[in-house]
Amino acid sequence: INLGNPVEITIEDLAKTVIEMTGSRSELINKPLPSDDPRQRQPDITRAKETLGWQPKMDWKEGLKETIEYFDTLIRERSA
């Protein structure tokens, strides 16, 4: 059963969002994709919905925001 968010975004959009949300000064470097790289990364969560009654509770940006906050807290605690 596939679990994930069925909203498809590009890796570039995800990377740009991470940079924006974290205030990073990282720069993106584009390289050619490997020939076997999947063109679509959008999970079909139909079976999860039907069998488990499961679906994502938040959108990917909110999940990313919470993940960044979690790691920020861990870093602050370890540096204290």
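## Lys49 and its surroundings

Leaving out residues up to four places away in sequence, Lys49 touches Trp54 and Gln55. In this predicted model, Lys49 belongs to helix α2 and is partly exposed, its relative accessible area being 42%. Leu3 lies 46 residues from Lys49 in sequence, yet the C-alpha atoms of the two residues are 9.5 Å apart in space.

Trp54, one of the residues that Lys49 touches, sits in the loop that joins α2 (46-52) and α3 (60-79). With a relative accessible area of 30%, Trp54 counts as partly exposed, because this class covers the values between under 20%, which is buried, and over 50%, which is exposed.

## A nonpolar patch on the surface

Trp54 also takes part in a nonpolar patch on the surface, where Ile1, Leu3 and Leu52 join it, and the four residues together have about 410 Å² of accessible area. Leu3 thus appears both in this patch and in the 9.5 Å C-alpha to C-alpha separation from Lys49.

## Helix α1

Helix α1 covers residues 11-22, and its length can be checked: at 1.5 Å a residue its 12 residues should span 16 Å, and the end C-alpha atoms are 16 Å apart, so the two values agree. After α1 comes Gly23, which has a positive phi, near 70°.

Within this helix lies Thr17, which counts as buried because its relative accessibility is 12%, and the limit for buried is under 20%. When neighbours within four places in sequence are set aside, Thr17 is in contact with Trp60, Lys61 and Leu64.

## Salt bridges

The whole structure holds 2 salt bridges. In one of them Glu12 pairs with Lys16, with 3.4 Å between the closest N and O atoms; these residues are 4 apart in helix α1, so about one helical turn separates them. Both ends are partly exposed, Glu12 at 37% relative accessibility and Lys16 at 44%.

In the other, the side chains of Glu69 and Lys65 meet at 3.2 Å, N to O, and here too the residues are 4 apart, in helix α3, which means a separation of about one helical turn. Glu69 is partly exposed with a relative accessible area of 39%, and Lys65 is partly exposed with 38%.

## The aromatic pair

The count of aromatic pairs comes to 1. Tyr70 and Phe71 form this pair, which is edge-to-face, with 5.1 Å from centre to centre and 80° between the planes. Phe71 itself is partly exposed, with a relative accessible area of 46%.

Terms used: Residues numbered from 1 in each chain as written. Heavy atoms only, no water. Patch = residues over 30% accessible without salt bridge, like charges linked within 9 Å, V, L, I, M, F, W, Y side chains within 5 Å. Areas by Shrake-Rupley, 256 points an atom, 1.4 Å probe, with all protein chains shown as cover. Helix = DSSP H or I, 4+ residues; strand = E, 2+ residues; numbered from the N terminus. Buried < 20%, exposed > 50% of the residue type's maximum accessible area, 1.4 Å probe, protein only. Phe/Tyr/Trp six-rings, centres within 6.5 Å; stacked < 30°, edge-to-face > 60°. Contact = heavy atoms within 4.5 Å. Expected span 1.5 Å × (residues − 1).
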